Amino acid sequence: MPRRNLYLTNIPVEEALERFKNALEPHVKAQTEDIEVIHSLDRVTASAILARCNSPLYDSAAMDGVAVVSAATHGASETCPLTLKHGVDFIHVDTGDPVKPPFDAVIMAEDINDTGCGDIIIRSAAAAWQHIRPVGEDVVQGEMILPGGHKIRPIDIGVLLSGGVTRISAQKRPEVAIIPTGTELAEPGDTLKEGDIIESNSRMFEALVRKGGGLPTRFAPVADDYGLIKDALQNAARRFDLVLVSAGTSAGREDYTASILRELGEVTVHGVAMKPGKPVILAVVNGKPVVGVPGYPVSAYLAYENFAAPILASFSGLPESCAPIVRAVLTRRLVSSFKHREYVRVKVGRVGGRLVASPLARGAGAAMSLVRADGFCVINRDSEGVEAGGEVDVILNRRPQDLEHTVVSIGSHDLLLDLIADMMPNLYPGIHLSSTHVGSMGGLLSLKNGEAHIAPIHLLDEATGTYNIQIIKKLFGKSPMALIKGVGRVQGIMVQKGNPLGIAGIGDLTRCRYINRQRGAGTRLLFDYRLKSKGISPENITGYDREAATHMSVAAAINGGSADAGMGILSAAMAMGLDFIPVGDERYDFAIAAESLELSHIRAFIGTLKSPGLLAKLKELGGYTADNCGEIVIIDC
């Protein structure tokens with residue numbers, strides 16, 4: 001068994017890329033190929049392209065009408081019309097027809113009157129060369145149509161063809177090998193067994209390579225076998241311009257990639273000061289760049305963007321992508337390490353005249369955070385983090401203008417938010433929902449700090465037994481507030497199908513593995529209230545400190561067998577096929593500053609809440625009442 005390579009460096013991102021480029025410089029040369037213009041969209045010209053003919057090829061009519069000798073029309077006017085003889089003073093022409101001497105002007109068809117015997121009457125003189133396109137007006141033979149290094153657009157194709165160019169020399173699209181590794185990998189659609197992981201990173205790389213102008217070839221997953229991986233890498237480095245090898249880059253028992261690449265060529269970098277994505281490998285084999293990317297999806301994406309994408313751009317001739325960067329205010333404190341540049345996924349929206357950024361899950365395996373994120377907040381090395389309220393740079397993966405019409409929601413999670421996020425852009429084009437799940441209390445604090453438009457909440461006031469309004473009054477004092485009514489829903493205990501432990505109520509949770517919601521969540525507050533009323537100490541609940549951010553996360557843990565029970569809503573239990581023991585009804589509503597009710601995107605949010613389509617979807621999910629959905633209650637503080 002070959003020895004594992006446990007040596008990982010901590011080189012800054014910029015330095016790592018520079019080392020890689022320097023190592024490749026003697027080997028990497030852009031290649032060109034001849035292609036047909038009609039198939040050249042998005043290709044990059046290898047050199048300047050010159051016109052092979054004039055456009056137009058001859059003096060031609062620019063209008064439908066008649067070609068005339070301009071001198072013969074002098075003196076024509078409304079009070080002194082002239083009669084022109086066909087074949088002598090004029091000929092009929094259509095747009096694009098040649099105009100030859102002695103004719104040197106065109107009169108539009110709508111400016112002539114037919115005499116009925118073949119002649120015409122005109123009432124204004126024609127200037128020489130009016131309505132005639134002279135030879136070479138658009139393109140002159142020998143002039144440059146496009147410069148080298150130009151990415152071809154649809155309009156460029158039309159002009160090239162007009163200039164007589166049918167084939168061009170373009171930068172050859174680099175061919176990229178994508179090799180996923182791991183014995184545990186299963187293909188999407190396979191029958192899965194315990195221990196299998198669906199291989200998806202390589203398909204993401206395929207799309208990224210195509211977007212970057214390359215031609216991807218994705219290979220079937222290679223088992224964690226030193227010889228098999230070595231053969232795959234060796235063959236790929238012979239055939240392809242760039243090789244991406246996924247997983248096996250760290251220090252696990254079967255992480256062979258670094259050792260194999262050292263045996264086959266030169267490892268320039270193994271380990272960068274980046275989080276997620278530290279165990280990146282940058283190597284040169286057979287003069288070809290090889291990038292070893294970590295197996296976790298977020299790490300893999302960041303490794304590709306920082307290291308593979310720039311190399312691909314140098315091959316394809318395309319400029320490196322430059323995402324827009326904005327300044328935003330953090331809604332939550334972020335602690336980071338001095339050792340790494342950290343990329344934190346965030347949701348972004350404009351609230352009260354400033355952009356706010358709400359951090360999402362930070363784990364390297366949290367692929368959904370990439371889907372949900374509006375961009376990355378970058379915390380550079382030598383920084384311990386950023387305090388809540390501090391300004392940060394955010395690299396966007398959305399258009400900046402989209403942020404101006406985004407409803408920023410921070411608070412409790414419900415499937416209702418997913419329905420709104422899906423339906424609102426269709427009902428109100430250009431309007432979007434940005435939702436971050438931090439629990440009801442966390443949402444109200446964000447609302448109070450001016451970091452959100454709305455806070456979804458379901459908070460029980462123990463003194464009155466009512467939901468939401470009393471809590472808002474206590475927290476916001478005399479600030480003008482409102483409540484947008486959402487849904488009634490049933491809270492209860494979710495358990496595995498068939499309820500194998502026979503759980504009947506809160507008291508039975510002392511004999512099972514529980515999964516809780518995060519602090520500040522309305523469900524957690526309700527659970528604590530019920531425990532208190534039963535005289536049960538949280539210490540007697542196994543798993544009380546295990547937290548999940550959403551109802552669906554709790555349901556998934558129970559369905560997966562890592563927990564026996566957890567508090568949640570009926571719709572989450574139904575969605576996951578779990579049994580459900582009702583505990584009580586509650587209100588799930590949206591707290592909002594009264595002044596925000598006039599915002600156009602808030603009106604769109606309310607309109608979506610009231611839409612028949614949303615109400616029908618809620619009925620399909622089950623577990624909801626929505627009689628007053630979208631109604632507004634002004635809170636008298």
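**Close-up 1. L609 and its neighbours in the largest nonpolar core.** In this predicted model, L609 touches L416, I420, I484, K485, F590, L614, L615, C629 and G630, leaving aside residues up to four places away in sequence; contact here means heavy atoms within 4.5 Å. L609 is also one of the five residues, with L416, M494, F590 and F605, that touch the most other members of the 41-residue largest nonpolar core. Such a core is a set of buried Ala, Val, Leu, Ile, Met, Phe, Trp, Tyr and Cys residues joined through side-chain atoms within 4.5 Å. Buried means under 20% relative accessible area, exposed over 50%, and partly exposed in between (1.4 Å probe, protein chains only).

**Close-up 2. Who builds the cores.** At least two residues of the largest core come from each of α8 (415-427), β34 (481-495), α12 (551-560), α13 (570-576), β38 (579-593), α14 (600-610) and α15 (612-621). Helix α8 gives the most, with 7 residues. Helices (H or I, at least four residues) and strands (E, at least two) are DSSP runs, numbered from the N terminus. A second, separate core has 36 residues, L17, V176, V284 and A308 among them.

**Close-up 3. Aromatic pairs.** The whole structure holds 9 aromatic pairs, counted when ring centres of Phe, Tyr and Trp (its six-membered ring) lie within 6.5 Å; planes under 30 degrees apart are stacked, over 60 edge-to-face and the rest tilted. Y514 and F527 are stacked, at 4.5 Å centre to centre with 15° between the planes. Y514 sits in the loop between β34 and β35 (516-517) and F527 in helix α11 (residues 522-534), so this pair ties together parts 13 residues apart in sequence. Y514 is buried at 3% relative accessibility, and F527 is buried at 0%. Y588 and F590 go edge-to-face instead, at 5.6 Å and 80°. Y588 is buried at 0%, and F590 has a relative accessible area of 0%.

**Close-up 4. Strand β4 and its two partners.** Strand β4 (residues 65-68) pairs antiparallel with β6 (residues 90-93) over 4 bridges, and G65 has V93 as its bridge partner. Another 4 bridges join β4 to β7 (residues 105-108), also antiparallel, with A67 partnered by V106. Strands pair if DSSP finds at least two bridges between them.

**Notes.** Residues are numbered from 1 along each chain as its sequence is written. Local features need pLDDT of at least 70, side-chain atom pairs count only at pLDDT 80 or more, totals for chains, interfaces and linings use all residues, and side-chain values use heavy atoms, with hydrogens and water left out.
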